[in-house]
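Please look through the structure shown here, following the way its helices and strands are arranged with respect to one another.

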Amino acid sequence: MIKTGITYSSLTAADGSLPAPQEVARRAEEAGLDSLWVSDHLATGHPFLESVVALSAAAGATRRLEVGFAVLQLALRQLAWAGKQIGSLQAASGGRLHLGVGLGGRPREEWEAAGVPADERARRTDEALAALPSLLAGKPTALPGAPGSTVTLLPAVTPPPVWVGGGSPAALRRAAALGDGWLPAAITARGLSDGLRTLGELRAEAALPAPRATVSVFASLDGHLGGLSRDALVDVLHLQFGFPRELSEAVAVAGPPGHVAQRLAEYAAAGAEQVIVCPIGGTWEQQIELLAAAKELT
């Protein structure tokens, strides 16, 4: 049975309000799901809880449920503070954190508001990923962009697994060199298999262990309970998320738990060790219940 998680950031209550992350986390744990993940933004034009706060609440309300960023825009933050937050969350959760990291870049206005040039995000991400292991280990660490400056963050923690997001050749190189695994979103099972093959070759050249993968998938479970039809979900992925329509058609999954279970099995066969489902439509209680049913069918 493949490990299955759910994205908190896409969940809503029946009245359209944001559910409390601790309530969602408790319900997900009780339902048998393995993890709860959050997206990371400063300002999107929509109500959105800050990612570290949301995960802290979720971890504090549960005992088994793993928590993760999908994905943290590490370059959007000052590195020493980001390291302190990541280490603190890893310690407070008892080692249940997954650190997904991506370049982000949309919307550009949040980068301007944070005072970070969006065109520097690749370099800043690579520098941050290179420095994080030392920071989390409690070692004196030189900070990129601050010559002569070092910081020691305590307590030392076991670093969480780092999942590098993105599907470009540059993202695969970043995952091979600086991550423990790969976290693509909106990818077919064939695309996952091909990407893992490339990633495996890159890691073999560097004498590193075989690659791992977690996949993020967009789904609407059981449309007659308030979810979206498959056509409507394709429109959301294409028009709101900006994915090409052909890709949206290939990756969208909607319908009863059995349909989602089949997609989970396809990703497992292609090499994913866990799948994060981002539910679109319906209430958060319904989506957790239906996703748990899908997991049981895999």
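In this predicted model, helices α6 and α7 are oblique to each other, because their axes cross at roughly 45 degrees and an angle counts as oblique when it falls outside the ranges for roughly parallel (under 35 degrees), roughly antiparallel (over 145) and roughly perpendicular (65 to 115). The two helices, which span residues 169–178 and residues 189–205 respectively, have axes that come within 9 Å, and their crossing is right-handed. On the α6 side the contact is made by Leu172, Arg173, Ala175 and Ala176, while α7 contributes Gly195, Thr198, Leu199, Leu202 and Arg203. Sorted by class, the residues of this contact are five nonpolar, two polar and two charged.

Helix α7 also meets helix α10, which covers residues 257–270, and here the axes come within 8 Å and cross at roughly 20 degrees, so that α7 is roughly parallel to α10. This crossing, too, is right-handed. Ala189, Leu192, Ser193 and Leu196 of α7 make the contact with Glu266, Tyr267 and Ala270 of α10, and by class that contact has five nonpolar residues, one polar residue and one charged residue.

From the helices we can turn to the sheet. Strands of a sheet pair through backbone hydrogen bonds, in either a parallel or an antiparallel sense. In this model nine strands form an open sheet with parallel pairing, and their order across the sheet is β8-β7-β4-β3-β2-β1-β11-β9-β10. The edges are taken by β8 (181–183) and β10 (253–255), each of which has a single partner strand, so one side of each is left without a neighbour in the sheet. From one strand to the next, the twist averages 30 degrees.

Within the sheet, β2 (residues 35–38) pairs with β3 (residues 66–72) in the parallel sense over four bridges, and Trp37 has Gly68 in β3 as its bridge partner. Helix α6, already described in its contact with α7, also packs on the sheet, where it touches β7 (162–165) and the edge strand β8, and its direction makes about 170 degrees with that of β7. Another helix, α11 (residues 284–297), lies across β1 (3–7), β9 (214–221) and β11 (274–279), and runs at about 165 degrees to β1.

Notes: Residues are numbered from 1 along each chain as its sequence is written. This is a predicted model: local features need pLDDT of at least 70, side-chain atom pairs count only at pLDDT 80 or more; totals for chains, interfaces and linings use all residues. Side-chain values use heavy atoms; hydrogens and water are left out. Axes are lines fitted to C-alpha atoms, for helices over the stretch in contact, and angles run from 0 to 180 degrees between N-to-C directions. A crossing is left-handed if the near helix is turned anticlockwise from the far one by less than a right angle, and right-handed if clockwise. Contact means heavy atoms within 4.5 Å. Ala, Val, Leu, Ile, Met, Phe, Trp, Tyr, Cys and Pro count as nonpolar, Asp, Glu, Lys and Arg as charged, and the others, Gly among them, as polar. Two strands pair if DSSP finds at least two bridges between them.
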